[in-house]
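Visitor: I would like a close look at a single part of this protein. Please take one helix and go through what surrounds it.

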Amino acid sequence: MSAAGKRSWTVRLREAGVRAMPPDRLLPDGQPAYMSSWIYMFGALTIAALVIVIGSGMVLSLKGPAWWHYTGIGHFINSIHLWAVELFFFFMVVHLWGKFFMAAWRGGRARIWMVGAISFVVAIPCALTGYVSQQNFDSQWIATQAKDGLNSTGIGAFFNVLNFGQMYSYHVLLLPIAVVGLVSAHILLVRHKGIVPPLPLSELGIDMGDRAPAAAESTT
């Protein structure tokens, strides 16, 4: 490569990206044995639910309220979207608490934990804007109940839950982009640092030195 090529910002950016995230780390062909535990499943389940949320939401946004309220297939896709959101939050909360009790910030993984927590916080208003964008009595009730609480904090000056156009724009564009971006950053950080291993038995107060002989005797 020429000296001019080495000075190119694209070359420097590419080389920095490869150093930070080698291909075999970005897309590994195997995972550690301890990942067979069920607690490690909820992160992947959260991502799967998010994919369904985005896919069904794209269909709903293309068709509009008249379609999802008055057609059978519209009701079906709307229900898929709703239950995917419910599962998304369920899986995310279990994943959040599971990693909390595993002390998943160990080994320089604090940024992974923080980005994941921020993703959860940003997903909450994303769901709220979805509820108030339904264009039915439920959305009207939720919006009128939420406006007083938001207005009392001053957020109502910028975030008007009674404004369908604003809420719909937040729900289908701004907040989903933020959630997908944060989740993507979370995944890349996990790939960079590696998946956190279980807590050592010594940190859990378990001394295997006394148990090993007893276990050996029980098997003889």
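**A close look at helix α7**

Guide: Helix α7 runs over residues 110-131, has 22 residues and reaches 32 Å from its first C-alpha to its last, close to the 32 Å expected at 1.5 Å a residue. The model is a predicted one, and that applies to everything described here.

Start with the residues of α7 that are hidden. Ile112, Val115, Gly116, Ser119, Val122, Ala123, Cys126, Ala127, Thr129 and Gly130 are buried. They cover an arc of only 155° around the axis, which puts them on the same side of α7. As for what lies over that side, the cover of the buried residues of α7 includes α6 (72-101) and α9 (164-193).

Ile124 also belongs to helix α7. Ile124 counts as partly exposed because its relative accessible area is 42%, a value between the limits of 20% and 50%. The C-alpha atom of Ile124 is 8.9 Å from that of Phe89, although 35 residues separate Ile124 and Phe89 along the chain.

Next, look just ahead of the helix. Arg109 sits in the loop between α6 and α7. With 11% relative accessibility, Arg109 counts as buried, since the limit for buried is under 20%. Leaving out residues up to four places away in sequence, Arg109 touches Ala104, Lys193, Gly194, Ile195, Val196 and Pro197. One of these contacts, Lys193, is the last residue of α9 (164-193), a helix that is part of the cover of α7.

Helix α6 is the other named part of that cover, and two of its residues give a contrast. His81 is found in α6, and its relative accessibility of 13% makes His81 buried. Among residues more than four places away in sequence, His81 touches Val53, Ser56, Gly57, Leu60 and His171. The C-alpha atoms of His81 and Met58 are 9.8 Å apart, with these positions 23 residues apart along the chain. Phe101 is likewise found in α6, but Phe101 is exposed, with a relative accessible area of 60%. Phe101 joins Trp97, Phe100 and Trp105 in a nonpolar patch on the surface, and together the four have about 470 Å² of accessible area.

A charged pair can be found elsewhere in the chain. Side chains of opposite charge can pair when their charged atoms come close. Asp148 and Lys147 form a salt bridge, and their closest N and O atoms are 2.9 Å apart. The count of salt bridges comes to one. Both partners can be seen from outside to some extent: Asp148 is partly exposed at 48% relative accessible area, and Lys147 is partly exposed at 25%.

Finally, set α7 within the whole. The protein has ten helices and zero strands, and its pattern along the sequence is α-α-α-α-α-α-α-α-α-α. Of the 220 residues in the protein, 29% are buried. Among contacts between residues at least 6 apart in sequence, 72% join residues at least 24 apart. The protein exposes about 13900 Å², and carbon and sulfur atoms supply 69% of that area. To return to the helix itself, α7 has its buried residues on one side, with α6 and α9 included in what covers them.

Technical notes. Residues are numbered from 1 along each chain as its sequence is written. This is a predicted model: local features need pLDDT of at least 70, side-chain atom pairs count only at pLDDT 80 or more; totals for chains, interfaces and linings use all residues. Side-chain values use heavy atoms; hydrogens and water are left out. Helices (H or I, at least four residues) and strands (E, at least two) are DSSP runs, numbered from the N terminus. The expected span of a helix is 1.5 Å times one less than its number of residues. Buried means under 20% relative accessible area, exposed over 50%, partly exposed in between (1.4 Å probe, protein chains only). The arc is that of the directions from the helix axis to the C-beta atoms. Contact means heavy atoms within 4.5 Å. Accessible areas come from the Shrake-Rupley method with a 1.4 Å probe; for residues, only the protein chains shown count as cover. Patches are made of residues with over 30% relative accessible area and no salt bridge: like charges are joined within 9 Å, nonpolar side chains (Val, Leu, Ile, Met, Phe, Trp, Tyr) within 5 Å. A salt bridge is a side-chain nitrogen of Lys or Arg within 4 Å of a carboxyl oxygen of Asp or Glu.
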